[in-house]
Amino acid sequence: MNTDTLRVTALGHSRDHLEAARMAEFVFVPKTDAARALVAHLTAITLDHEAKVKPRNRKRQAEAQRSFTGAVSAFAADLIHHARFQEAEGFFYRSYDKEALGQTFVSVRCFEQLLQFWAEMGLMEVTRFFRVRETWEGEDTGTGFGRARRFRATAELLSLAEGFGITPDTLKDHFQKETGRLSPVTVRSEVANRHGTGVTSANMRFAGPKYEAEVQRVKEINAILGQGGFDLAETPRVYRLFSRGNFHNFDFNMGGRLYCCSEDDWQQRPKEDRALITCRGEPTVELDVGSSHLFILYALHDLELDTDDDPYFLPGVEREVVKGLFAAMTGKGSRLTRFPKKLSEDYMKPTGRKISTVYKLGKVLDALIAKHPILNKLKKGSMDWARLQYEESECFMECLTRLGHDHGVAALPVFDSLIVAKQHRDVALTCLVEAYGNRFGCLPEVRCK
């Protein structure tokens, strides 16, 4: 594909807008005559354009034509739908990951074709490439997912759709999602780059009894969430993301967090906004496991974290700085050599000062390790974020399943916390504490927000 022909639109848009872009799922299908007419028209004008700029030697076979039309439908619907999200100025992103696109209606080939044709036709704007990053508690782990671009509908495409009575606000009246194509379990690889400065990651194809067992576990949780009654814009769904599937000792035991994959992403909301979520019109509470990752690190070494003392208190050091350094150390799996980028940026915004001018990194780390010598046990690849994340996620899997099966209660997972109807607070707290106790033999402190 000649990328020089693309309408690249990265300049003129703030970093905040671009970073607010959500990922497109590419699973919309028409459900009204208006939607089918729009898709037929878009398909026809796209094929006309293709015939002019890139003539085919032979006509597409019937199955290939159906696939192309399905890609037009899914891609166009997401472009129109995401135009309503002003915080991202209508942009969404999508990577070129072959395995991930294989679960959608947009194959890699169709993706590349529509990217070229619609940019040339003035129907879509495209940014330059960027790399989606894996983070651990807000800090970069050094893992980069496949290359991605951001996309948005042009005024021309939106006007064309409006001619069929379809707007960003009414898109879901005309298109529906076929989420059954999306696997609720994703396994990603982790490969060090040749410079040794980071790693890249890509979706892997998995099958077999263990994979299917994990799929079934997440499907059960999604069924519970679907009946939970949370007042969200879309029925809540989650998927489970495992990491390091290419490691020799991978056994669905690395990573494993539950991530929101429905449109109304409660996990990305600020805490203040999460507090406004209701369940069948009634208020909710958020149950937070105190110092979950540090608690687990201790427990994995047959030690117990002292919950009577604030684990992130160091004399003369702001608590958020200590928390940030702990998260970065577990993300890296070793002692830090520089202040993490995210922590530095977060410190600069409210204070206007470089964190390195306020604190000496070595001195703070020495104090933190003296307080928690267990940090010396961190080891990249075996005792780091992937292991801690897996252990934590197993506790939440047990809790969510038990709540649903034994008590008919649904809860929204937020990594190390749960959102649950206020009336179910006590039973949810009991299940969460017992899940940790069953796994580690000691009980965490759980706070109710």
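At 0% relative accessibility, M397 counts as buried, and that residue is where I should like to begin. Please bear in mind throughout that the model before you is predicted.

M397 is found in helix 15. Setting aside residues up to four places away in sequence, M397 touches R217, V218, I221, R240 and L258. As for its position relative to L276, the two residues lie 121 places apart along the chain, and their C-alpha atoms are separated by 24 Å.

Let me turn to the sheet on which this helix packs. Helix 15, which spans residues 385-407, touches strand 11 and strand 12 of the sheet. The direction of helix 15 makes about 55° with that of strand 12. The sheet itself is open and is formed by 3 strands in the order 8-11-12, with mixed pairing. Which strands are at the edges? They are strand 8, residues 185-187, and strand 12, each of which pairs on one side only. From one strand to the next, the twist averages 25°.

A further helix belongs to this part of the picture. Helix 8, residues 209-226, lies across strand 8, strand 11 and strand 12. Its direction runs at about 150° to strand 11.

For listeners new to the subject, a general remark may help: strands of a sheet pair through backbone hydrogen bonds, and the arrangement is either parallel or antiparallel. Here, strand 11, residues 238-242, and strand 12 pair in the antiparallel sense, over 5 bridges. Within this pair, Y239 stands opposite Y259 of strand 12.

Is strand 12 mostly covered or mostly uncovered? Strand 12, residues 255-260, is mostly covered, with 6 of its 6 residues buried. This holds for both faces: on one side G255, R257 and Y259 are buried, and on the other G256, L258 and C260 are buried.

I now move to two residues in the loops that flank strand 11. R237 is found in the loop between helix 8 and strand 11. It is buried, because its relative accessible area is 14%, and the limit for that term is under 20%. Apart from neighbours within four places in sequence, R237 is in contact with E25, T179, L182, N222, Y259, C260, C261, S262 and W266. Y259 and C260, both on that list, are among the buried residues of strand 12.

The other loop residue is R244, placed between strand 11 and strand 12. R244 is not a glycine, yet it has a positive phi of about 60°. With a relative accessible area of 2%, R244 is buried.

A positive phi also appears at D302, likewise a residue other than glycine, with a value near 60°. D302 lies in the loop between helix 10 and helix 11, the latter being residues 319-332. Is D302 buried or exposed? D302 is exposed, because its relative accessible area is 73%.

Helix 10, on one side of that loop, is mostly covered. Helix 10 comprises residues 292-299, and 8 of its 8 residues are buried. These are S292, H293, L294, F295, I296, L297, Y298 and A299.

Next, I should like to consider a pair of helices. Two packed helices are described by the angle between their axes and the distance between the axes. The axes of helix 2, residues 33-53, and helix 6, residues 155-162, come within 10 Å and cross at roughly 135°. Helix 2 and helix 6 are therefore oblique to each other. In this arrangement, helix 2 passes helix 6 in a right-handed crossing. Which residues meet there? From helix 2 there are L38, H41, L42 and I45, and they meet L157, L160 and A161 in helix 6. By type, the residues of this contact divide into 6 nonpolar, 1 polar and no charged.

My final residue is S73, which is found in helix 3, residues 62-82. S73 is buried, with a relative accessible area of 3%. How far apart are S73 and V27? They are 46 residues apart in sequence and 8.7 Å apart in space, from C-alpha to C-alpha. Leaving out neighbours within four places in sequence, S73 is in contact with F28, V29, P30, V39 and F175.

To close, I return to the starting point: M397 is buried, and among the residues it touches is L258, which is itself buried in strand 12. Thank you for your attention.

How values were computed:
Residues numbered from 1 in each chain as written. Predicted model: local features only at pLDDT ≥ 70, side-chain atom pairs only at ≥ 80, totals over all residues. Heavy atoms only, no water. Buried < 20%, exposed > 50% of the residue type's maximum accessible area, 1.4 Å probe, protein only. Helix = DSSP H or I, 4+ residues; strand = E, 2+ residues; numbered from the N terminus. Pairing = 2+ DSSP bridges. Axes fitted to C-alpha atoms, helices over the stretch in contact; angles between N-to-C directions. Parallel < 35°, antiparallel > 145°, perpendicular 65-115°, else oblique. Left-handed = near helix turned anticlockwise from the far one by under 90°. Contact = heavy atoms within 4.5 Å. Nonpolar A, V, L, I, M, F, W, Y, C, P; charged D, E, K, R; others polar.
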